[in-house]
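Biologist: I would like a close look at a single part of this model. Please take one helix, go through it slowly, and then turn to whatever else can be said.

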Amino acid sequence: MPDLLIELFSEEIPARMQTKAGEDLRKLVTDGLVEAGLTYAGAGAFATPRRLALTVQGLLAESPTLTEERKGPKVGAPERAIEGFLRSTGLTMDQLEIRDDKKGQVYFASFEKPGRKAAEIVAEVLADAIHKFPWPKSMRWGAGELRWVRPLHSILCILYDEAGSEIVPLEVGGIASGDTTEGHRFMAPGRFKVTSFDDYAAALSRRNVVLDADDRASHIWADATNQAFACGLEAVEDHGLLIEVSGLVEWPVVLMGEIGEDFLGLPPEVLKTSMKEHQKFFSVKDPATGKIVRFVTVANRETRDGGAEILRGNQKVLSARLSDAKFFWENDLRVAKAGMGDWLESLTHVTFHNKLGSQAERIARIAALARGIAPIVGADPEQAETAARLAKADLSSEMVYEFPELQGVMGGYYIEAAGHPAAIAAVAGAHYQPLGPSDDVPSAPLSVAVALADKIDTLTGFWAIDEKPTGSKDPFALRRAALGVIRLVLENGVRCNLSEVFAKGYPGADAADLMGFFHDRLKVYLRDKGIPHDVIDACLAMPGNDDLALLVKRAEALEGFLKTADGGNLVQGFKRANNILAQAEEADGVEYSFGPDAKLAETGEERSLFAALESEGRAISSAIEAEDFAAAMRGMAALRAPVDAFFEAVQVNSDNQVVRRNRLNLLHVIRTTCSQAADLSKLSGERAVPEL
């Protein structure tokens with residue numbers, strides 16, 4: 001079985017496209033091979049700035065011969081239809097078979113499809129893959145019709161085994177395939193021949209090309225951390241930047257440079273963002289102070305001076321960039337120290353949404369809402385209102401205009417510079433959180449109050465103008481905002497009736513409909529925590545379901561109860577009682593909701609159930625009133641044995657109508673007692689009863 005090696009060699013491929021391009025090449029080629037009948041043992045894709053490579057191991061030498069059957073027209077069909085079928089199959093009339101079919105007798109054609117050599121199939125598949133390649137952006141150059149992300153220079157395509165290698169002949173866009181490639185553009189120019197993947201990878205390594213992107217990333221990070229450690233410093237981890245930089249170089253050479261003394265006073269976030277966005281530099285910090293003091297850059301070649309000239313050029317460009325950042329910082333500080341009034345005024349001219357007003361109007365709503373929420377979360381109302389009014393002021397700053405990702409971060413610095421306490425300054429960055437399911441949730445009361453107000457204003461506003469999420473469309477990230485509110489409430493143990501809070505938000509929002517949206521998002525959130533949807537439905541049916549903390553506390557207790565044998569069996573007993581009672585009430589046309597008389601009990605099991613319902617019913621009610629759902633579930637567990645014994649020994653529908661009515665009223669007590677904690681009728685019948 002031969003192996004296959006493909007390389008598409010071009011001008012530099014953008015780093016952000018390389019990983020997907022490698023996977024696209026692997027999928028297009030391997031899917032095409034399998035579709036043509038060539039199976040394989042394994043495949044691997046590689047990408048560098050100048051090449052996409054694919055190796056396929058254990059390929060069949062040729063596709064198998066297949067017998068194909070094709071159904072034709074009915075016997076007696078028009079002659080033209082039969083002639084068309086014969087042309088499509090290449091057979092004659094006497095080579096057709098007649099078989100019985102549902103619609104009568106039908107012509108069938110059977111013919112062999114001979115196998116083809118691997119080289120022939122590979123040539124077709126690769127040519128098709130190149131023409132169909134799904135680049136996000138591509139270009140046409142020269143006289144040909146070939147489109148590629150950058151000009152394609154050569155195609156390496158060989159099949160090889162122990163006996164040797166052969167070129168797979170094909171031509172795409174005027175480029176003929178071969179068995180040669182190039183090494184590093186500067187350090188090892190010129191073409192060389194390869195005979196296998198191992199030979200290819202080793203030859204590239206000798207010619208200053210690291211083929212595997214993970215190897216390049218590992219090398220970069222190891223060198224960066226080692227150089228920083230040697231100076232008593234620490235490289236700031238940035239996985240996204242590491243992946244991007246590893247896609248910019250074929251032979252990574254890590255260099256550490258100095259940041260000019262004039263710029264060391266800039267906030268570390270400014271230094272880090274400016275160096276990352278403009279220069280693709282890693283930041284290096286002093287672990288003792290947390291300040292960014294140096295940078296790491298990655299060159300694509302070794303130089304005789306050890307990179308000194310490269311560093312000088314980088315430092316010169318960096319100084320120009322940081323001079324701009326310093327100018328923005330100093331100008332912003334002057335405005336901040338003057339109270340940020342100019343910024344807040346300018347936000348009156350910034351539209352948040354054409355139906356929801358300006359940013360200034362939105363800030364006023366958030367401030368009023370934060371003041372109302374503050375007592376609920378244990379924050380000072382005056383400070384919450386102040387923090388909310390200042391939290392978005394930095395949106396007008398020059399620094400945030402240059403680096404939008406620093407919104408909130410810069411606000412914290414500016415609010416402190418204006419003379420406000422650190423607790424208020426911290427709200428500027430924290431009130432945007434959480435931004436996603438894995439983002440941190442603020443815990444400081446002021447930050448929680450403003451974060452809730454910010455998200456609830458967004459949700460009630462878009463609900464009021466009927467701009468709700470639909471299907472997969474959520475242009476205003478309202479699902480994320482709702483999840484943020486849920487996490488803020490639950491992870492901080494906030495007790496409040498959300499419907500009442502919604503009523504204080506943007507006027508005109510349908511609070512009940514918005515609450516339903518929250519319940520749907522809560523189901524998704526709790527499902528990921530291992531709580532099934534039917535348990536949540538059983539708890540949603542209870543009063544106070546807009547208190548999310550109480551709702552989740554109830555659901556967690558119920559789910560824990562249902563995982564026990566007592567819980568599972570009691571639910572079965574409850575459903576049995578509920579079904580019998582519902583059938584009797586429908587048949588008799590009455591509601592059996594009167595108090596049963598224990599004096600009419602005829603058996604010991606019946607008397608035991610009366611006693612258990614009386615004692616445990618009181619205990620369950622007290623526990624529910626105290627919001628101690630775990631205790632309520634323990635009380636319900638104590639009912640399991642007497643309920644089981646009752647149904648085992650007692651016939652509810654007795655011939656004695658007085659006894660029958662009394663027992664039906666007793667079933668009503670079972671239903672109401674067990675329904676104090678949750679609506680057990682909502683629980684799915686698919687739940688397995690745990691064993692003792």
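Modeller: The buried residues of helix H1 pack against three strands, S1 (3–10), S2 (42–48) and S3 (51–57), and against three helices, H3 (118–132), H5 (213–230) and H6 (239–246). This is read from a predicted model. The buried residues of H1 are Ala15, Met17, Gln18, Ala21, Gly22, Asp24, Leu25, Val29, Thr30, Gly32 and Leu33. Many gaps in such a list can be read with one rule: an α-helix has 3.6 residues a turn, so residues three or four places apart point the same way. Gln18, Ala21 and Leu25, for instance, are among the buried residues of H1.

Next comes the length. H1 covers residues 15–35, which is 21 residues, and at 1.5 Å a residue the helix should span 30 Å. The C-alpha atoms at its ends are 31 Å apart, so the two values agree. H1 does bend, by about 25° at alanine 21, and alanine 21 is also one of the buried residues. Just after the helix, glycine 37 takes a positive phi of about 100°.

Further along the chain there is an open sheet of three strands, in the order S4-S6-S5, with antiparallel pairing. Strands S4 (66–74) and S5 (97–101) stand at the edges; each has a single partner strand, so one side of each is left without a neighbour in the sheet. On average, neighbouring strands of this sheet are turned by 40° against each other, direction ignored. In general, strands of a sheet pair through backbone hydrogen bonds, either parallel or antiparallel. Between S5 and S6 (residues 104–113) the antiparallel pairing runs over five bridges. Aspartate 101 stands opposite glycine 104 in S6. A helix also belongs to this picture: H2 (residues 79–89) lies across S4 and S6, and runs at about 170° to S4.

Last, the cysteines. A search of the whole structure finds zero disulfides. Cysteine 539 is in no disulfide, and the nearest cysteine sulfur, that of cysteine 674, is 14 Å away. A disulfide needs the two sulfur atoms within 2.5 Å, so at 14 Å the sulfur of cysteine 674 is too far from that of cysteine 539 for a bond. Both residues are shielded: cysteine 539 is buried, with a relative accessible area of 2%, and cysteine 674 counts as buried at 0% relative accessibility.

How values were computed: Residues are numbered from 1 along each chain as its sequence is written. This is a predicted model: local features need pLDDT of at least 70, side-chain atom pairs count only at pLDDT 80 or more; totals for chains, interfaces and linings use all residues. Side-chain values use heavy atoms; hydrogens and water are left out. Two strands pair if DSSP finds at least two bridges between them. Helices (H or I, at least four residues) and strands (E, at least two) are DSSP runs, numbered from the N terminus. Axes are lines fitted to C-alpha atoms, for helices over the stretch in contact, and angles run from 0 to 180 degrees between N-to-C directions. Contact means heavy atoms within 4.5 Å. Buried means under 20% relative accessible area, exposed over 50%, partly exposed in between (1.4 Å probe, protein chains only). The expected span of a helix is 1.5 Å times one less than its number of residues. The bend at a residue is the angle between axes fitted to the seven residues ending there and the seven starting there.
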